[in-house]
Amino acid sequence: METLVIALPPAAAASLRASAPRTPLEHAARAAASTPSDDAAPAVWRGGREIFLPAVEDAVTRGVLRDAWRQRAVYRTGRLALVLRAIEAEVRDASGEGDLTAVAVREGPRWRFNRAVLERAVSAQPLGAEGARDLGGLPLSLDSLEAADPALTFDRVARRVTRARLLRVLVALRGFVHERGLDLRFARRGEVESWLVAMLDEGLVQEADLRDGWGHALALRASASPRFRLFTPVAGYELVAPGPDGRAGTADDVWDPIARVLPSGGLYASAVDEDGLLVRLQGVALARATVAELSTIFDEDARGGVEVAPPPTWDDVPSALRFAILDTRDAALLDDPLDPRPAGRATDAFVGALDEWRLPDAPGRYVVLTFERATFERAGGGPGGGSEGRSLAEDQLVTRAALARGGDVRFVSELPSRWPSAPLRQRLDFVALRDLTGLRLEIEAEGAEVEATGGARDAAAGTRVTWPTRLRATQPAGRVVLRAVDAGGRVHATVEHTFRRDEPNRATRDRRGGALLREGAPWSLDVPTPEGATNARARLVVTAPGRLHRDPLVRAWAPRAPALVAWAAVLSGDTPSREVRDALAHDPRDALARACASVARLGLSDRGVAARALAIEPETQPKRAAALLVALAPTAPPPWEERDTTVERLREVLRDTTRTHADEPLVLARAAAALLSADPRDESGRLLLARAARRFDDRGFTEDASAAATDPRDALTATVALAIAAHHAGDAALRDRALAIAAPRAWLGLREPGELAFWWLAASASGALGAAEDVELLVDGAPVALTGGLAQVPLEGRWRAEVAVRGARALARFEARYDDAIPDADAPFALTVEGHPGRADRPAALELVVEAKTASEEPRLLVRLPAASTLDPGARAALTRTAGVREVSEGPDGALVIALHPLASGEVRRLPLRLRWLGAGERVGPALAAWDAARPWASASRPGTTLTIAPRRTSR
């Protein structure tokens, strides 16, 4: 009987089941997909070996007899496995405490079991003493177990325990060394032998992890040639368990965490699946996968491995037959509506049995359907009438499996996104997945020069093929295509990569401004373009009254603070976007955001939800209480209704500011705005407004030297609040004067969610910026349409424009971005880079040193990474966990923005920067900039210096 096999993408297989069959081939695929597996089979053939399955329920009614071979196999991997793993758990617990009295007895240099260990082990298991029986029903004993398998000794159990602990500590030690840059000898501090204790103190390992299976302490010993070489966390040292005799450096030491402990085929080895564990360990080790994956395998082994259960689908049961892949030419069969590529991408034709296993050439995932050739021929006439069109559903499926194809060659190097102008030496590494002859590298480069040496060579399956390469960018941006081609001209791998040229010591800089536009008071914008600036782009952004929530700066952070945006939109008579409305389903933790969300839901007619959420605890701090009352002002009861509500309690707090904060105009302005927003006739609010206005002149709140001097945003917030209060009180002159003073730095509040952003949105929603009506915008005398209340006018060349409005007022912003040289400026911070640059196969051991010249509450540090370098997750995690670091985020052009905790004047903070280089050569090192978030216009910077990155060391 011949075998026919079909390979097709999974989506195509699914579509076959959803549509009527059109061809004999579709009939075959439909039958293969719908034929169930034989779950009553006693065993399956998996991974080249026989695996017995548990007995089915109601075996008698299904005609399945009791199978003694199946019973014995399941007993070994079931009940007996639980007993033996329970014994291992007892040894693991006792050795972790360093006291083996309850589980073992020492006899010279060796150990034997305490005879009571089995009773202790089974009493802690769900099966209990009644379940600890053999196949004949007799109680198990330690003597019978040892007689059944001589490999069951205490020393072997202890070695299995030690093996897992060794790897766990090695993984933790590797992270400890890498995160602190201790893999370089000159960076090591203190005695290396004491690092295990340091790891224990930092919680990276448990005390039990540092003992072997005999309760002896693991040791980190100096060794010129460590015996375990899969990975060596500390060069020149190896981790050793003393073993049974308790002395490190003797023949019974345990040092290999993936070595075999139990001989293959024995009762103990079968019960705990020692062979399977070694296969998984060696597979990961040979593939050089992540070290953490090895420790995960040990964790699964400690839990008892994979549970024995019938396969849920035939995907889990490889066929025992020798069969081939059919490359199908039936384009209709393989047409995948979910795949954007043309139909028939893997539709080479052949109908019949093949003698070799071969997937289609196109990489992807395939469903393999295998059935009998005779079955296919009986249905060969198609879906018409007669015997030739008989359904195949009743015929037996041979197998159905899922396979993946990734090509015969894989690219394993990492190409940088920014290429330097100077030559960069980098290795281009490919891995051959099968034996190939005459493999060569073809290169197409646009905007770059790429030269590879090495020529063609033969490659055995599983080996790495390397081409040393010199590359450099010649244009601002470019593209490179790499192809691995064999001697016959067949392309086995294609890599397409885009890049841009690195401009060393040049960075993107911002320039911003703004103005309040009123009829008869145009804004004459005239900003000179910085000399030497390149890639300059600028625009003018104008928002109509009541539409400030549509500003691009606000839209950028709307997903993070949807409640504020929804509140402003609803109160302005606008409809929030669907994404913002959906986000309102979750109540935020912050009281102000919760209040805004409640009012927005109420405005969107979700009254039930809003009423429940309005039970908000009032704030007692005046600034927060003022913002909360402004948010809840639309729900304030009429003045003649006196009720014990959140609004009334907030009013009491703010009215008391006339006594508690009489000399703080920044607080008085906020309180006035809040009280007058809830009730424009509130006499306390008008009194507070008058007091705040007396401390306000054409320069703003300049007399208050306390808060205004420390954080300009505080004074700006109070200025916007004063404008809102004046608007509700009917003082248009004071309102416009306050807005005109705040408008030039409106961008400072709108760029991120916070108190200042809220007050600007409140000014827009309350009508302080004008009524929500059409505004006529003129730029250099020409009308410009405001689409949806927003206009964005690009400015080219010299940044100059005459901006005017007719009708209502509007808020205008100017923003420009350009690339410019990084200056060497040391105020208000002093910045330096110290340490060793490393080489192409070793990460850099650099430290960023930040010294505050003046106190900074919200210091920010921007690090522009060098070209062809990267910061791996471990190095980034180490930077994030450094004392004094609050947050690490992505900045412009791939830079890092590090938010630091407050710095006192003269305080120095050191941050590790463990860069990994993607190639060797001369490189400009990291460039730095630092500023305080309250004053981003005052910044310090330091250009990078030239570093020489040595190439990888060649192995001898």
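Select the five strands that form an open sheet in the order β11-β18-β17-β13-β15, where the pairing is mixed. At the edges of this sheet stand β11 (418–419) and β15 (457–459), each with a single partner strand, so one side of each is left without a neighbour in the sheet. The model is a predicted one, and the tour that follows should be read with that in mind.

Staying with the sheet, select strand β13 (residues 436–446) together with β15, and the two will be seen to pair in the antiparallel sense over 2 bridges. Which residue of β15 is the bridge partner of L439? The partner is R457.

**Helix α16 and its surroundings**

Next, select residues 562–571, which make up helix α16, a helix that is mostly covered, with 9 of its 10 residues buried. The buried residues are P562, A563, L564, V565, A566, W567, A568, A569 and V570. To show what covers them, add α15 (552–557), α17 (578–583), α18 (591–603), α20 (622–632) and α29 (755–766), which are included among the covering elements. Following α16 comes G573, and the phi angle of G573 is positive, near 80 degrees.

**Salt bridges**

A search of the whole structure finds 49 salt bridges, and three of them are visited here in turn.

Begin with R813 and D551, which form a salt bridge whose closest N and O atoms are 2.9 Å apart. This pair links distant parts of the chain, since R813 belongs to strand β26 (residues 810–821) while D551 sits in the loop between β21 (534–543) and α15, 262 residues apart. Are these two residues buried or exposed? Both R813 and D551 are buried.

Move then to helix α21 (residues 646–655), which holds both R651 and E648, 3 residues apart, or about one turn of the helix. An α-helix has 3.6 residues a turn, so residues three or four places apart point the same way. The side chains of R651 and E648 meet in a salt bridge at 2.6 Å, N to O. R651 counts as buried because its relative accessibility is 4%, and E648 also counts as buried, at 15% relative accessibility, the cut-off for buried being under 20%.

For the third pair, select R699 and D697, which form a salt bridge with their closest N and O atoms 3.5 Å apart. Here R699 is exposed, with a relative accessible area of 64%, whereas D697 is partly exposed, with a relative accessible area of 24%. Elsewhere, salt bridges that share partners join D510, R512, R539, D551, R813, E815 and R817 into one network, and a single selection of these residues will display it.

**Aromatic pairs**

Turning to the rings, the count comes to 11 aromatic pairs. Select W799 and F814, whose ring centres are 5.8 Å apart and whose planes stand at 55 degrees, so the pair is tilted. W799 lies in strand β25 (residues 799–806) and F814 in strand β26, so the pair ties together parts that are 15 residues apart in sequence. W799 is buried, with a relative accessible area of 1%, and F814 is buried as well, with a relative accessible area of 2%.

Keep W799 selected and add Y818, with which W799 forms another aromatic pair, tilted, at 6.1 Å centre to centre and with 45 degrees between the planes. Because W799 lies in strand β25 and Y818 in strand β26, this pair ties together parts that are 19 residues apart in sequence. Y818 is buried too, with a relative accessible area of 4%.

For a cluster of rings, select W111, F113 and F154, which are linked by ring pairs. A charge over a ring can be shown by selecting R745, which lies over the face of W937 at 3.7 Å from the ring centre.

**A loop asparagine**

The last stop is N114, found in the loop between β5 (110–113) and α5 (117–123). Which backbone atom does the side chain of N114 reach? The side chain of N114 reaches the backbone oxygen of T101, at 3.1 Å. Leaving aside residues up to four places away in sequence, N114 touches T101, A102, V103, A104, V105 and L142, and adding these residues to the selection completes the view.

Conventions
Residues numbered from 1 in each chain as written. Predicted model: local features only at pLDDT ≥ 70, side-chain atom pairs only at ≥ 80, totals over all residues. Heavy atoms only, no water. Buried < 20%, exposed > 50% of the residue type's maximum accessible area, 1.4 Å probe, protein only. Helix = DSSP H or I, 4+ residues; strand = E, 2+ residues; numbered from the N terminus. Contact = heavy atoms within 4.5 Å. Salt bridge = Lys/Arg side-chain N within 4 Å of Asp/Glu carboxyl O. Pairing = 2+ DSSP bridges. Phe/Tyr/Trp six-rings, centres within 6.5 Å; stacked < 30°, edge-to-face > 60°. Lys NZ or Arg CZ within 6 Å of the ring centre and 35° of its normal. Polar contact = N/O pair within 3.5 Å; in protein donor to acceptor, adjacent residues only side chain to side chain.
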